[in-house]
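Welcome, and please open your viewer. We will walk through this model stop by stop, with something to select at each one.

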Amino acid sequence: MQQYNSSMTRYFLQLATILIFILSCLSLNAATIKGRIVNSNNGEGISNATIKVINQKYFAISDAQGNYVLQNLPAGKYFAIAKSIGYEESAQELIVKNSNEIITYNFSLNSNNTSIQEVVISGKSNVSDASARFSERKADNIINVVSAKTIELSPDLTVANVIQRVSGVTLERNNSGDGQYALLRGMDKRFN
C-alpha cells in the first residue's frame, strides 16, 4: 500500500510540473499592455476606470493614479474601450506585434457634463411607537429608533436632550448646561 501511495505521489508531482511548465510557456508568449487613463481637461489620473478589450476576455481597472495593466495578450490587433462614470468613453486600437513585449497606451477621457434639473425625494413613515419598535426588530443590524410620538410626549426641550435617551449615546454639555456634543459609544467628538 505504501508503494502505491509513493507512485501516486510521484505521478501527481510529474503532472503538476508539466502543468506549471505549460502555463509558464503560455504566459511567456503573451504581451503586457499598460498605461494611464487621464482626464483630458487637467491631466489627472482617473481612478476605477475600466478598460475592456472588445470581443475578448481581457479587462482591467485603473488604480488611484489612473494606471492600468492588461496582461497575457497574444500578438494581434485589438480595440479597447476606456470608461468611467462622469466621462465619455474612449476607444483606441491596440497593436501587439510580437509576444513578450510591454506596450504603453494612454487613454484621455473627456468630462461628460450633464446636470440634473430637479430631484424629488419623498417618503412616508408611521410615527407611532409600534412602528419604531417594528423598525428596530426588522433591521439587519442593531438600531435604536425614537418615534415622533415619544419625542412629543417627553419632557425634553431640545433634540439633544432626546438623543441622550438612545442607548449608547452620551451628551456632553457646555458651561450653561445645554447639550453640545452627542458622543456615540464613547467615541471622540471629532468623529461625530
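Select Glu93 first: at 32% relative accessibility, Glu93 counts as partly exposed, because its value falls between the 20% limit for buried and the 50% limit for exposed. Keep in mind as you look that this is a predicted model.

Which side chain does Glu93 meet in a salt bridge? Add Lys77 to your selection: the two side chains come together at 3.6 Å, N to O. Side chains of opposite charge can pair when their charged atoms come close. Lys77 is exposed, with a relative accessible area of 56%. The pair links distant parts of the chain, since Glu93 sits in strand E6 and Lys77 in strand E5, 16 residues apart.

**The two strands around that pair**

Now colour strand E5, residues 76-83, together with E6; they pair in the antiparallel sense over seven bridges. You can pick out individual partners along the way. Phe79 has Glu93 of E6 as its bridge partner, so your starting residue turns up again here. Select Ile81 next, and you will find Ala91 of E6 standing opposite. Then follow the chain through the hairpin of E5 and E6, where six residues lie between the strands. Stop at Gly86 in this hairpin, which takes a positive phi near 90°.

**The whole sheet**

Add strand E2, residues 50-53, which runs antiparallel to E5 and is joined to E5 by four bridges. Thr50 is a good residue to click, with Lys83 of E5 opposite.

In what order do the four strands of the open sheet lie? Bring in E3 as well and read across: E3-E2-E5-E6, with antiparallel pairing. Strand E3 (59-61) and strand E6 (90-96) stand at the edges with a single partner strand each, so one side of each has no neighbour in the sheet. Turn the view to look across the strands: the twist averages 20° from one strand to the next.

**A second salt bridge**

How many salt bridges are counted in this model? The count is two, and for the other stop, select Glu136 and Arg133, whose side chains meet at 3.1 Å, N to O. Both belong to helix H2 (residues 129-138), and being three residues apart, they are separated by about one helical turn. Glu136 is partly exposed, at 24% relative accessibility. Arg133 is partly exposed too, with a relative accessible area of 37%.

**A nonpolar patch**

Next, show the surface and select Tyr11, Phe12 and Leu15, which make a nonpolar patch of about 310 Å². Leu15 lies in helix H1, residues 2-28. Is Leu15 buried or exposed? The label is partly exposed, with a relative accessible area of 37%.

**Colour by confidence**

For the last stop, colour the model by pLDDT. The protein has a mean of 79, and 84% of its residues reach 70 or more. Look at H1, where confidence is lowest at a mean of 63, and then at strand E8 (residues 107-109), where it is highest at 91. Where pLDDT is low, the predicted coordinates should not be read in detail.

Key. Residues numbered from 1 in each chain as written. Predicted model: local features only at pLDDT ≥ 70, side-chain atom pairs only at ≥ 80, totals over all residues. Heavy atoms only, no water. Pairing = 2+ DSSP bridges. Axes fitted to C-alpha atoms, helices over the stretch in contact; angles between N-to-C directions. Patch = residues over 30% accessible without salt bridge, like charges linked within 9 Å, V, L, I, M, F, W, Y side chains within 5 Å. Areas by Shrake-Rupley, 256 points an atom, 1.4 Å probe, with all protein chains shown as cover. Salt bridge = Lys/Arg side-chain N within 4 Å of Asp/Glu carboxyl O. Buried < 20%, exposed > 50% of the residue type's maximum accessible area, 1.4 Å probe, protein only. pLDDT = per-residue confidence, 0-100.
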